[in-house]
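Hi there,

Here is the structure I promised to pass along. Have a look at it first, and my notes follow below.

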Amino acid sequence: MDETMRLIREAHAGDKEARDRLVMENVGLIWSIVRRFSGRGHELEDLFQIGSIGLIKAIDKFDPAFEVRFSTYAVPMITGEIKRFLRDDGMIKVSRSLKEMSAKIQAAREDMTYSLGREPTLDEIAGKLQVSREEVAASLEAGAEIESLYRPVGDLGESSSCLLDKLEEETNAQEKLLDRMILEKLLDGLNEQEKDIILRRYYYNQTQTEIAQVLNISQVQVSRLEKRILKKMRERL
């Protein structure tokens, strides 16, 4: 652990060799995550490269003051990078021509709705654009699918997610069950305030300032409590 922290500090100071060493030492961690995404239509080697980007981001953003193991911090960073790649590149592929046609159809539909005083039919749109009825239907369906899957859900803002993020992932059932059992065991060892802080911080993504307002204490107190709780959980683990 101390050696990892030393390398991270050196990497933050611009030491490329320290950064490269951290990457090499965590190759096994990347592969353990990559294998969870097998069968998604991409070569595992390609996903490994994407996961490596997530690891490098974790190295650059990790703060030793977090008082958590670097691997604990890196796992969601690596996983998130792979998920974004699969979502944006691998899960829905719509040709450029279909996207362009969809845009033309939307523009024509708006113009015709205004001029006709009603919603135009597929045949009318097809006639205006001089394309087949089937092309119009396919373009509209593709556009609707992308819209619905990427529609934001929850609170708007940088932290908002889309419906596609909510789709259930293919995970190893035994691994998922084991993780849940371990987590529940760790939470059971906390008092109500400690459990509340951990749930708010790591499940509801609340900031220390937000938690401080709810608990009517200072942000500094929340920070100290969080560090103490994480240490307690690590010792139990």
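What caught my eye is a helix pair: helix 3 passes helix 4 in a right-handed crossing. Please keep in mind that this is a predicted model. On the helix 3 side, Val27, Ile30, Trp31 and Val34 make the contact, and they meet Leu44, Glu45, Leu47, Phe48, Gly51, Ser52 and Leu55 of helix 4. By type, the residues of this contact are eight nonpolar, two polar and one charged.

As for the geometry, helix 3 spans residues 27-34 and helix 4 spans residues 44-61. Their axes come within 9 Å and cross at roughly 125°, so helix 3 is oblique to helix 4.

Another spot to visit is Arg200, which sits in helix 10 (residues 192-202). Is Arg200 buried or exposed? Its relative accessibility is 19%, and buried means under 20%, so Arg200 counts as buried. Apart from neighbours within four places in sequence, Arg200 is in contact with Asn205, Gln206, Ile211 and Val214.

Now for the chain as a whole. It holds twelve helices and two strands, and the order from the N terminus is α-α-α-α-α-α-α-α-β-β-α-α-α-α. The chain has 237 residues, and 30% of them count as buried. Among contacts with a separation of 6 or more, 53% join residues 24 or more positions apart. The exposed area of the chain is about 15700 Å², with carbon and sulfur atoms supplying 50% of it.

Happy browsing, and best wishes!

Conventions:
Residues numbered from 1 in each chain as written. Predicted model: local features only at pLDDT ≥ 70, side-chain atom pairs only at ≥ 80, totals over all residues. Heavy atoms only, no water. Axes fitted to C-alpha atoms, helices over the stretch in contact; angles between N-to-C directions. Helix = DSSP H or I, 4+ residues; strand = E, 2+ residues; numbered from the N terminus. Parallel < 35°, antiparallel > 145°, perpendicular 65-115°, else oblique. Left-handed = near helix turned anticlockwise from the far one by under 90°. Contact = heavy atoms within 4.5 Å. Nonpolar A, V, L, I, M, F, W, Y, C, P; charged D, E, K, R; others polar. Buried < 20%, exposed > 50% of the residue type's maximum accessible area, 1.4 Å probe, protein only. Areas by Shrake-Rupley, 256 points an atom, 1.4 Å probe, with all protein chains shown as cover.
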